[in-house]
Each structure stands twice: as C-alpha cells, then as structure tokens.
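Work through the exercises below with the sequence and the 3D view open. Try each task before reading its solution.

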Amino acid sequence: MATSFNQPLGGNDMPRFGGPATMMRLPTQPTAAGLDVCFVGIPMDIGTSNRSGTRHGPRQIRAESCMLRPYNMATGAAPFEKLQVADVGDVAINTFDLKDSVLRIEKAYDDILSHDCVPLGIGGDHTLTLPILRAIKKKHGPVALVHVDAHADVNDRMFGETIAHGTPFRRAVEEDLLVNDKVFQIGLRGTGYAPEDFDWPRRQGFTVVTAEECWHKSLTPLMAEIRNTIGNHPTYISYDIDSLDPAFAPGTGTVEIGGLTIWQGLEIVRGCSGLNVVGGDLVEVSPPYDPTGNTALIGANLLYEMLCILPGV
Ligand code: MN
Ligand code: MN
C-alpha cells in the first residue's frame, strides 16, 4: 500500500528539457510491483506495411511528454493524487522476428497484470495490441473495446501473413478476446480493397463509426451511447494515432486524409471516463515522419488523458 504517490518531476526542480526522458518525467522501476498504473514502451515497427519508424515511437513520445503537468485543467482529474504510477521501461522485443516479439509482449504483459497494474502501452505498431489482448483475456476475460483508427485492422492476411499491424482485430475475434457487441471502431476511412471492407467487423457485431460520420460534430453524444452499451464490462482502449487527420498527426506510417480532429480525439478519450478501463495503448507514432514532434506530442497527451479517466482517479 503506497503512502505517497510518485509525482512527475516538476519544471521548477529540473528544466523541462533536462533529466531522464521517462514518460511524464515519472520515476522508473523494472517491474510493475506496487503500481496501480504503468507506462510501458513497445519499440516495434516490424509489423508495419508501409512507412516504418514506429520503433522510435516510445522514446519520442516520452521526450514530448516532458511538458505534461500533473493536473488536467479541463476535466479536473488529478491522477497522481490517487494512483501510484511509474514508467516500467520497454518490452525487449526481438526486432528480427515479429512472431517472437508477439510472444515477448504477451509475457511482459502477463507479468504486469500479475501485479494488478493497469498497463498503458506506448507503441510501436498496431501488431502489439494482439498479444496485449491475449494477456488481458487471461486476467479479465474477453473485453469491450474502444478502437480509434483510420483502419479496421481486420485483414485476414497481409502478404500471406496472419500477424501484422493490419490483422490484430481479426485474430482477436477468432480467439474470442473481445465481446463483439461491445466493440466500437471510430474514425475508419480511406480507400479499400473492396466496397464491403467495413462490413466484416459489422457482421461480427462491432459498431463502425466512419470518419465521415464524425465530421463537423462533437463526439460527446457518441461516447454517451458507447458508455451505455458497455456498462461496467472490462474495457480496453486502443488508439491508433492515424485516426487523426494528417494535418494534425502526419508522423505515422499509413496516412489517410479526412480524419478526426485533436478535439474529437480528446472527446473520445475523456468520454471513456466512467468505463471500467483495464488497459490502453497509443500506437503508430513514427518519429522519422514527424519533424516537428507534434504527432508524438499528441500521442503523449492522449496517453495522459487515458490515465486521467482510469477507475479510481
Ligand atoms: Mn491500426
Ligand atoms: Mn491505422
């Protein structure tokens, strides 16, 4: 039982551009022992199909998180008054072997979850959500899912392979990792291989909300409906940064125009407040395509927003 909670290192104790570049300048520790929540990096891009570079995502997101202060001025959330949070470093993926990396991620998450710690993953390409959901099922059973993305990521195969960043939610359905009628995919758009590309998830019971359905609107009412449908069921949030329009977040590998705005992204994550969120990830930030750092900055902020809506805050 923690008697005092870790705090992000303040700008009056060390310049914001100084010190170790941990997530939110929090302390690090090697395991999740004693933590309510951990940030964990997964520096992987060997599951990507177009531009690579997401292996550098965790480091850049941590670097851009240096401006984040403890209090959420919009929502009033004060996560560091209620929860013990630290950065547990990176999963040692095998950058020469995607399938081995997937096994390594599941094992790392088994260990985190054995400590009753809620993991917030810093990606890394979207392949990583599959082993996370496999580990989560062992602890929580099949979960509800809020999946924000330009893409459905329900391909059966990519170049003949079953494991890639465009297949995790197809595999998740096959392996009963999800409660299909409590799965929401928000922001889907772009060109497809066939006109019915988004029908497969709908046939599984998913709710697909295309980007066009989101244009020019607040997503707060949508999130109220989602909370109503999910209820208290254990819920996972998987946020692909390419859900946002490339005008905001160009630093990613598979870019689609006509995406969500930053404020819609905030409405989605803040709209998860009240759900029984058992984990989340922020994936597909590719620093080589992010010359200003803005994409990583948005990623860091969305991870902070996820922390702010966790049960107990
Ligand atoms: Mn994705
Ligand atoms: Mn995507």
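The exercises concern a predicted model, and they go from the metal site to the strands, the backbone and the pocket.

**Exercise 1. The first metal ion**

Task: Which residues coordinate the manganese ion (ligand 1), and how are they spaced in sequence?

Solution.
Step 1. List the donors: H126 through ND1, and D149, D153 and D240 each through OD, at 2.1 to 2.2 Å.
Step 2. Write the donor residues in sequence order, which gives the spacing H-x22-D-x3-D-x86-D.
Step 3. Place one of the donors: D153 belongs to the loop between β4 and α5.
Step 4. Decide whether D153 is buried. The limit for buried is under 20% relative accessible area. D153 has 8%, so it is buried.

**Exercise 2. The second metal ion**

Task: Which residues coordinate the manganese ion (ligand 2), and which parts of the chain does the pair H151 and D240 tie together?

Solution.
Step 1. List the donors: D149 (OD), H151 (ND1), D240 (OD) and D242, which is listed with OD twice, at 2.1 to 2.5 Å.
Step 2. The spacing of the donor residues in sequence is D-x1-H-x88-D-x1-D.
Step 3. H151 is in the loop between β4 (143–148) and α5 (168–174), and D240 is in strand β7 (residues 234–240), so this pair ties together parts that are 89 residues apart in sequence.
Step 4. Check the accessibility of the pair: H151 and D240 are both buried.

**Exercise 3. The bridging residue**

Task: How far apart are the two manganese ions, and is D149 buried or exposed?

Solution.
Step 1. The distance between the manganese ion (ligand 1) and the manganese ion (ligand 2) is 3.2 Å.
Step 2. D149 bridges these two ions.
Step 3. The relative accessibility of D149 is 0%, so D149 counts as buried.

**Exercise 4. Strand β4 and its partners**

Task: Which strands are joined to β4, and which residues in them are the bridge partners of V146?

Solution.
Step 1. β4 runs parallel to strand β5 (residues 178–188), with five bridges between them. Here V146 has F184 as its bridge partner.
Step 2. β4 also runs parallel to β7, again with five bridges. In β7 the bridge partner of V146 is I237.
Step 3. Follow the chain from β4 through α5 to β5: these three elements make a right-handed β-α-β unit.
Step 4. Consider the surroundings of β4. Six of its six residues are buried, so β4 is largely enclosed by the rest of the structure.

**Exercise 5. The two sides of strand β3**

Task: Which residues of β3 point one way and which the other way, and which strands are joined to β3?

Solution.
Step 1. Sort the residues by direction: V118, L120 and I122 point one way, while P119, G121 and G123 point the other way.
Step 2. Add the burial: six of the six residues of strand β3 (residues 118–123) are buried, so the strand is largely enclosed by the rest of the structure.
Step 3. β3 pairs with β1 in the parallel sense over six bridges, and P119 in β3 stands opposite C38.
Step 4. β3 also runs parallel to strand β8 (residues 276–283), joined by three bridges. The bridge partner of L120 in β8 is G280.

**Exercise 6. Unusual backbone geometry**

Task: Where is there a cis peptide bond, and which residues other than glycine have a positive phi?

Solution.
Step 1. Recall the general rule: most residues other than glycine have a negative phi, and most peptide bonds are trans.
Step 2. The peptide bond from G123 to G124 is cis, with omega near 5 degrees. G124 is in the loop between β3 and α4 (129–140).
Step 3. D116 has a positive phi of about 55 degrees, and D153 has a positive phi near 55 degrees.
Step 4. D116 is in the loop between α3 (98–114) and β3. Its relative accessible area is 56%, so D116 is exposed.

**Exercise 7. The largest pocket**

Task: What is the volume of the largest pocket, and which residues lie nearest its centre?

Solution.
Step 1. The volume of the largest pocket is about 710 Å³.
Step 2. Its lining has 31 residues, and H151, N155, T191, Y193 and D197 lie nearest the centre.
Step 3. Sort the lining by class: nine residues are nonpolar, nine polar and 13 charged.
Step 4. Helix α6 (residues 199–204) gives the largest share of the lining, three residues.

How values were computed: Residues are numbered from 1 along each chain as its sequence is written. Chains are lettered from A and ligands numbered from 1 in the order in which they are written. This is a predicted model: local features need pLDDT of at least 70, side-chain atom pairs count only at pLDDT 80 or more; totals for chains, interfaces and linings use all residues. Side-chain values use heavy atoms; hydrogens and water are left out. On a 1 Å grid over the protein atoms alone, a cavity is a set of points where a 1.4 Å probe fits but cannot get out, and a pocket is an open set with protein on both sides within 12 Å along at least five of seven lines; lining residues have an atom within 4 Å of a point. Grid points are joined across faces, edges and corners, and a volume is the space filled by probe spheres set on the points. Helices (H or I, at least four residues) and strands (E, at least two) are DSSP runs, numbered from the N terminus. Ala, Val, Leu, Ile, Met, Phe, Trp, Tyr, Cys and Pro count as nonpolar, Asp, Glu, Lys and Arg as charged, and the others, Gly among them, as polar. Donors are N, O and S atoms within 2.8 Å of the metal (3.2 Å for Na, K and Ca); water is not among the atoms, so sites may look incomplete. Buried means under 20% relative accessible area, exposed over 50%, partly exposed in between (1.4 Å probe, protein chains only). Two strands pair if DSSP finds at least two bridges between them. A crossover is right-handed if, with the strands pointing away from the viewer, the path from the first strand over the helix to the second runs clockwise.
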